[in-house]
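Biologist: I should like to learn how to read a predicted complex feature by feature. Shall we begin with the surroundings of a ligand?

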Amino acid sequence: MSDPIVLLKNVEKWYGKNHVVKNMNLEIKHGEFLTLLGPSGCGKTTTLRMIAGFEDANEGIIEVQGERVEEKEPYQRDVNTVFQNYSLFPHMTVYDNVAYGLTIKKVPKDEIKERVTEMLALVQMTGYERRKPDALSGGQKQRIAIARALINNPRVLLLDEPLGALDLKLRKQMQIELKRLQKKLGITFVYVTHDQEEAMTMSDRIAVMKDGVILQLDSPMEIYNRPNCRFVADFIGESNILDGVAESVEGTKIRVKTDNGYFTTYGEGFAPGERMHVSVRPEFMSVMKEKTEDFSIKCVIKDFIYMGTVIKTLLGLPDGREIKYTRFDLDPNVKEGDTVYLYCEKGRSVAIHADSTAESEADDEK
Amino acid sequence: MKSKKKKSRLPFLAQAGPVSAWMILFVTIPMLFIIFISFMSRGTFGGIIYEPSIKPYETLMDPVYFKVILKSFEVAIITTVSCLILGYPFAYYIAKKPPETASRLIMLLMIPFWTNSLMRLNAWMLLFQTNGPVNNLLISLNLISEPVTFIYTDGLVLLGLITNFLPFAVLPMYASIEKLQKSLLEASADLGAKPSVTFRKVTLPLTFPGIFSAVILTFIPALGTYTITDMLGGGKVLYIGNIIKNQFGATRNWPLGAALAVLLLLITALLIFIYTRFSKLDDMEVL
Ligand SMILES: Nc1ncnc2c1ncn2[C@@H]1O[C@H](COP(=O)(O)OP(=O)(O)OP(=O)(O)O)[C@@H](O)[C@H]1O
Ligand SMILES: [Mg+2]
């Protein structure tokens, strides 16, 4: 099936005068793991709650499995939610919590028992049936919350920062388990997080949001390697961002004039005189002893930081900003205090239009 | 075993020293004294003769008293149930309001409670007099042709009791509804439960501690009240509270009054025992 399983079309959400979701268009495919990623307050939770039915969109269309759901109450929608704070019913045992969805549908007792057993096995919580949620650890509660949401066999599972309250190690482990679960069951996951690393590891596609707008919707690799705006480049992973003006454009080669000197990058659709940014990942940034016509940004080597597998070098720009680059080995040609010039190979840097254009582009994009 | 118990008890008593001294002086001793005189005999002209006797308790077995107790229970139960039925939706409504609105609504609820109770009861009497505003209104609306006698009826007593105890029912229920997490209700709806099912399976059980506190806070005082029943009921129908008052007052049968008081005490203790059994201690903050 190629129809999207969840469709948002021109969705608007206001809280009073606060415009929280702006003309959102989003197609979520069958069986994909889609992550809404963005800083706090950008409207991720609100978007998810509109799909679940806890909030009404002020305008626009929301479809689930080809059916419009704007008028439907949450209990009538075929999606289930895993809440950030777990929201397990404290007065019920683990068994009754997981069985809840089926109990409501008045499924025969034997069948409920079978399904609950199956679900608990799936989340590796067999044997905890008689416990109350109070007597579970955070990670265990989360597993039960997932089992409870999955027992209804939803086609879409909405997860709002489900791992937010767990410690780092458990979070990493649960990330892998969730991904495995999603693949095994073939269910569409719509996942909300503000942790970009989490989004990168788990998602098929990531929608990077800011101020109620989806700036870029792409695979993790595309988003990492080809951010379409300054915000995405900055938000995803570490990046060195140089701001400047395209001085000369020859084919795809763009010579960018920054306040600190020239830097050359490659890209299409740039015009001379246009304000633009260049994003260079620390692993792709390098330095030269001598400046060239294309690369003349002068820096001073400030520090080397050993980070386990890589060594991070900190460079100071004349205006005081910092540039980072990482290598597996210590560069024998440079030492602290040296003056060097920034350099980046063709294809390793990303040319980005100045923000206003990038945002309107993202708006047009579907 | 015994010495161990003593050991752990002493520091606790020491800790609660001033409070326990106060409690012993003003609560425990008077209570023990009541229990004590309930086992004594009555003097010919009132007062107490310090001769052990179970006469007061035998008197309690008299069908007359049994009927009074039954009647008091009936009225207390009706009051409690009415307070719950009227109070729960109101408490729910307040709890869903933003905090400032909620505290204002609670204020409104409490204002009558802060006025002098005699004044409040007299106000009810005035309103419901034979040619009082209520009768006049009903006649002018052509709902009745002759004034109705409200004064000294069970109905007016109930009205007085319910209005008096409603705040005590609303407050603990409000506290527990307010504590209820919205996301639990959402989780229930998310899993396919209609609002009515969510209410039955999630809201009601989770607010049960508040409901039980409301029961205790209305039932026990409603069972023992005498001012309301005395004034609005005109002493025509007897309730436990009135009899106790009479035994200590006009009738001067202190041991019998004490025995009745002990009976009330036992009922109260039983209810609180049930309460602590059903709800965990940390839910008791509303009491
Ligand atoms: N019930 C509400 N009433 C009014 N404003 C709200 C409400 N819920 C959210 N908002 C506002 O809407 C905006 C988006 O909120 P939302 O919860 O969707 O953000 P988020 O992206 O999930 O952030 P976070 O990562 O912090 O969870 C915020 O500015 C928030 O203050
Ligand atoms: Mg959120």
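Biologist: How do the residues of the shell around ligand 1 divide into nonpolar, polar and charged?

Modeller: The shell around ligand 1 holds 3 nonpolar, 8 polar and 1 charged residue. Here Ala, Val, Leu, Ile, Met, Phe, Trp, Tyr, Cys and Pro count as nonpolar, Asp, Glu, Lys and Arg as charged, and the others, Gly among them, as polar. Residues are numbered from 1 along each chain as its sequence is written, while chains are lettered from A and ligands numbered from 1 in the order in which they are written. This is a predicted model, in which local features need pLDDT of at least 70, side-chain atom pairs count only at pLDDT 80 or more, and totals for chains, interfaces and linings use all residues.

Biologist: Which residues surround ligand 1, and which element gives the most to its shell?

Modeller: A residue is near a molecule if its C-beta atom, placed from the backbone, lies within 6 Å of it. Ligand 1 is surrounded by Tyr15(A), Asn18(A), Val20(A), Gly38(A), Ser40(A), Gly41(A), Cys42(A), Gly43(A), Lys44(A), Thr45(A), Thr46(A) and His194(A). Helix 1 of chain A gives the most, with 3 residues; strand 2 (18-28) and helix 1 (44-52) of chain A each supply at least two. Helices (H or I, at least four residues) and strands (E, at least two) are DSSP runs, numbered from the N terminus.

Biologist: How should one read a sheet, and what is the strand order of the open sheet in chain A?

Modeller: Strands of a sheet pair through backbone hydrogen bonds, either parallel or antiparallel. In chain A, an open sheet of 6 strands has the order 6-7-8-3-9-10, with mixed pairing (two strands pair if DSSP finds at least two bridges between them). Strand 6 and strand 10 (213-218) of chain A have a single partner strand each, so they stand at the edges, with one side of each left without a neighbour in the sheet. Direction ignored, neighbouring strands of this sheet are turned by 20 degrees against each other on average (axes are lines fitted to C-alpha atoms, for helices over the stretch in contact, and angles run from 0 to 180 degrees between N-to-C directions).

Biologist: How many bridges join strand 3 of chain A to strand 8 of chain A, and how many join strand 3 to strand 9?

Modeller: Strand 3 of chain A runs parallel to strand 8 of chain A, and 5 bridges join them; Leu34(A) has Val190(A) as its bridge partner in strand 8. Strand 3 (residues 33-37) and strand 9 (residues 205-210) of chain A are also parallel, joined by 4 bridges, and Leu37(A) stands opposite Val208(A) in strand 9. Strand 7 (residues 156-160) of chain A pairs with strand 8 in the parallel sense over 5 bridges, and Asp160(A) has Val192(A) in strand 8 as its bridge partner.

Biologist: Is strand 8 of chain A enclosed or open?

Modeller: A residue is buried if 20 or more other C-beta atoms lie within 10 Å of its own, exposed if 12 or fewer, and partly exposed in between, with C-beta atoms placed from the backbone. In strand 8 (residues 188-193) of chain A, 6 of the 6 residues are buried, so the strand is largely enclosed by the rest of the structure. Thr188(A), Val190(A) and Val192(A) point one way, Phe189(A), Tyr191(A) and Thr193(A) the other way, and all are buried. By contrast, helix 7 (residues 133-140) of chain B has 0 buried among its 8 residues, so it lies largely in the open. Just after helix 7, Asn142(B) takes a positive phi of about 65 degrees.

Biologist: What is the sign of phi at Asn23(A) and at Asp211(A)?

Modeller: Most residues other than glycine have a negative phi, and most peptide bonds are trans. Asn23(A), in strand 2 of chain A, has a positive phi of about 40 degrees although it is not a glycine. Asp211(A), in the loop between strand 9 and strand 10 of chain A, has a positive phi of about 45 degrees.

Biologist: How many residues of chain A are in contact with chain B?

Modeller: There are 17 residues of chain A in contact with 15 residues of chain B (contact requires C-beta atoms, placed from the backbone, within 7 Å). The largest share of the side of chain A that touches chain B comes from helix 2 of chain A, with 3 residues. By class, this side of chain A has 8 nonpolar, 7 polar and 2 charged residues. Phe54(A), in the loop between helix 1 and strand 4 (59-64) of chain A, is in contact with Arg49(A), Pro74(A) and Glu186(B), leaving aside its neighbours within four places in sequence.

How values were computed: Two residues are in contact if their C-beta atoms, placed from the backbone, lie within 7 Å.
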